[in-house]
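Could you walk me through this structure, one selection at a time? I have it open in a viewer and would like to know what to click on next.

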Amino acid sequence: MQWNSTLYDQKHDFVAKYGEGLLTFLPENPAQAILDLGCGTGTLTAQLAARGSRVVGVDSARTMVERAKVQYPELAFQVCDALSLPFEGEFDVVFSNAVFHWIADHDTLLENVRKALKPGGQLICEFGGAGNIAAVEQAFNRACEELELAVRAPRFNFPTPEEFSARLARHGLAPVQVYDYDRPTPLKDGEQGLANWMRQFFAGQLEALPEQTGQALLARAEELARPKLWDGGHWTADYRRLRAVARKPVK
Ligand code: BEZ
């Protein structure tokens, strides 16, 4: 999928806004080295820079990294896949907001995270938990079925806290706290909000369709989602987050 970095910053800046809550989990240590894993357009990386001595933002999407470099030329960004991180024992904190649900292979991901951390370092992350955006996905998939289209919503990785804790432990990262919570998320732009959201995050699916078919699909998905997600003034997406802090043992 090609990430649209402009749409992301204009309409979905809530991703970084909500991520600010996760910053409160960072240790107060001006000397710490921090990796922002899946940095997007760099909004949170810039805030992390005030909390450490070395901060590196990485993202697998070139479009996002290019925009991050333009917005924050003083910071270090690189295009890099979370499943092949080149870092070994370099970071006190690996920070990641709204990224892990895009990655099917959490085993390789957590191996890479453990390798990148210094002994005693911490993973601090938040992403979609079990049940995240269930109403959006159901509406989109039902609309695809009704219109007899072969596409479906992407397969996200939304684990339960129990599943993710067990996986952390298997990869040598001791869970400190792992929990999930509902975070209903109002979308910008009134009537357009849900269509904007699907255009951004289901871009790979929509790109495969002729423009008119895509529009019909979005319109039907909106109709199906309306009873649950529309309040007469704006759309609210049914986000559920999983938050985790885990530590690499000192020895
Ligand atoms: C999320 O942040 O939970 C999310 C965003 C886009 C698609 C799926 C999940």
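The tour below starts with the whole protein, moves to the ligand, and then visits single residues.

**The whole protein**

Begin with everything shown, and keep in mind that this is a predicted model. Colour by secondary structure to bring out the 10 helices and seven strands of the protein. Turn the protein along its principal axes, and its C-alpha atoms fill a box of roughly 55 × 40 × 30 Å. For 251 residues, a compact globule would have a radius of gyration near 18 Å, and the 19 Å of this protein agrees with that.

Next, switch on a surface. The protein exposes about 11400 Å², and carbon and sulfur atoms supply 49% of that area. Below the surface, 51% of the 251 residues count as buried. If you draw contacts between residues at least 6 apart in sequence, 76% of them join residues at least 24 apart.

**The ligand and its shell**

Now select the ligand. Which residues surround the ligand? Show His 101, Trp 102, Asn 132, Ile 133, Phe 156, Phe 158, Trp 197, Phe 201, Tyr 239 and Arg 241 as sticks, and you have the shell. The protein covers 98% of the 260 Å² of accessible area that the ligand has on its own.

Colour the shell by class to see seven nonpolar, two polar and one charged residues. Two elements deserve a highlight here: α8 (193-201) and β7 (236-247) each supply at least two residues of the shell.

Then zoom in on the oxygen atoms of the ligand. A polar side-chain atom of Asn 132 lies 2.7 Å from a ligand oxygen atom. For Arg 241, an N or O atom of the side chain is 2.6 Å from an oxygen atom of the ligand.

**Arg 183, a neighbour of Arg 241**

From Arg 241, step to Arg 183, which touches it. Arg 183 sits in strand β6, residues 174-186. Is Arg 183 buried or exposed? Its relative accessibility is 9%, so Arg 183 counts as buried. Its other contacts beyond four places in sequence include Phe 14, Tyr 18, Glu 126 and Tyr 239, and Tyr 239 also belongs to the shell around the ligand.

**Val 56 and Thr 45**

Select Val 56 next, in strand β2 (residues 54-59). With a relative accessible area of 6%, Val 56 is buried. Show its contacts beyond four places in sequence: Ile 34, Leu 35, Asp 36, Ala 76, Gln 78, Phe 87 and Phe 91. Ile 34 is 22 residues away from Val 56 along the chain, yet their C-alpha atoms are separated by 6.5 Å.

Asp 36 leads to the next stop, Thr 45, which is in contact with it. Thr 45 belongs to helix α3, residues 43-48. A relative accessible area of 1% makes Thr 45 buried. Put a distance label between the side chains of Thr 45 and Asp 36, which make a polar contact at 2.7 Å. Thr 45 is also in contact with Cys 39, Val 55, Gly 57, Leu 75 and Phe 77, leaving aside neighbours within four places in sequence.

**Three stops in loops**

Move to Gly 172, in the loop between α7 (161-170) and β6. Gly 172 is partly exposed, at a relative accessible area of 29%. Its contacts beyond four places in sequence are Arg 114, Arg 247, Lys 248 and Pro 249. For a sense of scale, label Gly 172 and Ala 237: these residues are 65 apart along the chain, and their C-alpha atoms are separated by 34 Å.

The last two stops are about backbone angles. Most residues other than glycine have a negative phi. Select Ala 98, in the loop between β4 (91-97) and α5 (106-116), where phi is near 60°, a positive value in a residue other than glycine. Ala 98 counts as buried, with 16% relative accessibility.

Finish at Asp 189, in the loop between β6 and α8. Phi of Asp 189 is near 80°, again a positive value in a residue other than glycine. Is Asp 189 buried or partly exposed? At a relative accessible area of 40%, Asp 189 is partly exposed.

Technical notes:
Residues numbered from 1 in each chain as written. Predicted model: local features only at pLDDT ≥ 70, side-chain atom pairs only at ≥ 80, totals over all residues. Heavy atoms only, no water. Near = heavy atom within 4 Å. Polar contact = N/O pair within 3.5 Å; in protein donor to acceptor, adjacent residues only side chain to side chain. Areas by Shrake-Rupley, 256 points an atom, 1.4 Å probe, with all protein chains shown as cover. Helix = DSSP H or I, 4+ residues; strand = E, 2+ residues; numbered from the N terminus. Nonpolar A, V, L, I, M, F, W, Y, C, P; charged D, E, K, R; others polar. Buried < 20%, exposed > 50% of the residue type's maximum accessible area, 1.4 Å probe, protein only. Contact = heavy atoms within 4.5 Å. Rg over C-alpha atoms; globule rule 2.2 N^0.38 Å.
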